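Trainee: Before I use these labels, I would like to hear the grounds for each of them.

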Amino acid sequence: MNKLYEKSELNFTITCIVIYCVLQSLAYPLNELIGIEYSASAIFCILQTVIVFCFIQKNRLFECYGLCKSSVPAGRFLYYVPLVILASGNLWNGVSANYSSAGTVCRIACMLCVGFLEEVIFRGFLFKALAKDNIKTAIIISSVTFGAGHLVNLVNGSGMELADNLCQVVFAIAVGFLFVMLFYRGGSLLPCIITHSAINTASTFANGTDITLEMHMVHILILIVITVAYTLILIKSLPKNQCANTNDEAQ
């Protein structure tokens, strides 16, 4: 990992993305083979999380990739209240037991790790690698790539319908812009990791009973509006160079 990273951070990142997507796709048939929901997914995600965390720790890249507290006061982020609202979105229609006890544990473990992995890979590795050449390009590519990556759910055996997947992709792109702005302007990836993990974990208990496509789309639209509004507020109110300064210091 170190040699590839030192040679090209972008190629290192692309490799991480490919490995992550391939393992996630392979996990679904293995879950069915094992007979416990998200069992293989959890194992793969935990292993990847440990490897990525150890890599960051070994190379002392915590500050470079935002695994540290933001130097910007919480008040400038509206005390992260919009993030709490977004994190609760999957529970607006109530709570439901959707998996077996073992499946619930495995899914929660998987979702917590996914929040860490996807933020570090897309907002950390990818954004930082691209930002060295052009910040605006880095913001766009890291956000759109993150959202488009969810299209894999159409072919990986998850059983997600096209309409649901497209809604997921659009929302993920909006969230991608918000999270990269939180990281770039705030210098910390922790709020993104926590919120992402919370959104994923809450989906474990989401009640999808009697939810029509129209209701689902309205739900997603409300979340997107909150996401975009919060992003615009951060763009207007936060300093522009927190992430850049951290990167310079790490260099």
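The exchange below sets values against their definitions.

Mentor: This is a predicted model, in which local features need pLDDT of at least 70 and side-chain atom pairs count only at pLDDT 80 or more, while totals for chains, interfaces and linings use all residues. Residues are numbered from 1 along each chain as its sequence is written, and side-chain values use heavy atoms, without hydrogens and water.

Trainee: Why is Y38 called buried?

Mentor: Buried means under 20% relative accessible area, exposed over 50%, and partly exposed in between (1.4 Å probe, protein chains only). Y38 has a relative accessible area of 15%, so Y38 is buried. Y38 is in the loop between α2 and α3, helices being DSSP runs of H or I with at least four residues, numbered from the N terminus.

Trainee: What makes R60 exposed?

Mentor: The relative accessibility of R60 is 77%, therefore R60 counts as exposed. R60 lies in the loop between α3 and α4.

Trainee: What is notable about phi of R60?

Mentor: Phi of R60 is near 55 degrees, a positive value in a residue other than glycine. Phi of Y38 is likewise positive, near 65 degrees. Most residues other than glycine have a negative phi.

Trainee: How do you know that L234 touches L178?

Mentor: Contact means heavy atoms within 4.5 Å. Not counting residues up to four places away in sequence, L234 touches R76, F77, L178, M181, L182 and R185.

Key: Helix = DSSP H or I, 4+ residues; strand = E, 2+ residues; numbered from the N terminus.
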